[in-house]
Amino acid sequence: MGGISGAPFTGKTGFKAFSSHVADEGHIIVMFGPHVAISESGEVGQCLRAGQSGDSTACGAVIGAYNACQMGFTPSQDSESYDPQMDWIKAQIAPHVNGIARSENAMASLAHQSYYMVKDKMF
């Protein structure tokens, strides 16, 4: 039940499919959450991964969605994109982009928002 941004993108069909394999008296634990990096210099949203020569983003999908929203992305039901996970993330981030941008640390605020976007849909 994985997906980009820490959201469980399996959907109702996927959830039903894997839950049918649980023992009659068994249980399912659903865990979710964004991943966020903090570089050695303290920059939220950046990390140096093993084997790479420069910092990269984490979570790249959430940061990419945030950047797209800052550049004017507006959610549409008629999206011609075939990128449903990224489209969903953008739609969740879009209403909060101005508040995130005004926060003391936009990347930390974005990480918090990416947690709440999943929590609010699941519960």
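Me: Among contacts in the chain between residues at least 6 apart in sequence, what percentage join residues at least 24 apart?
Reply: This is a predicted model, in which local features need pLDDT of at least 70, side-chain atom pairs count only at pLDDT 80 or more, and totals for chains, interfaces and linings use all residues. Residues are numbered from 1 along each chain as its sequence is written, and side-chain values use heavy atoms, with hydrogens and water left out. A contact means heavy atoms within 4.5 Å. Of the contacts between residues at least 6 apart, the share joining residues at least 24 apart is 52%.

Me: In what pattern do the helices and strands follow along the sequence?
Reply: Helices (H or I, at least four residues) and strands (E, at least two) are DSSP runs, numbered from the N terminus. The chain has 5 helices and 2 strands. Read along the sequence, the pattern is α-β-β-α-α-α-α.

Me: Which helix gives the most to the largest nonpolar core?
Reply: A nonpolar core is a set of buried (under 20% relative accessible area, 1.4 Å probe, protein chains only) Ala, Val, Leu, Ile, Met, Phe, Trp, Tyr and Cys residues joined through side-chain atoms within 4.5 Å. The largest one has 17 residues. At least two residues each come from α2 (60-70), α3 (84-93), α4 (97-102) and α5 (106-122). With 6 residues, the helix that gives the most is α2.

Me: Which residues does L110 touch, not counting those up to four places away in sequence?
Reply: L110 is listed with Y66, I89 and I93 as having the most contacts inside the largest nonpolar core. Leaving out residues up to four places away, L110 touches V62, I63, Y66, I93 and I100.

Methods: Buried means under 20% relative accessible area, exposed over 50%, partly exposed in between (1.4 Å probe, protein chains only).
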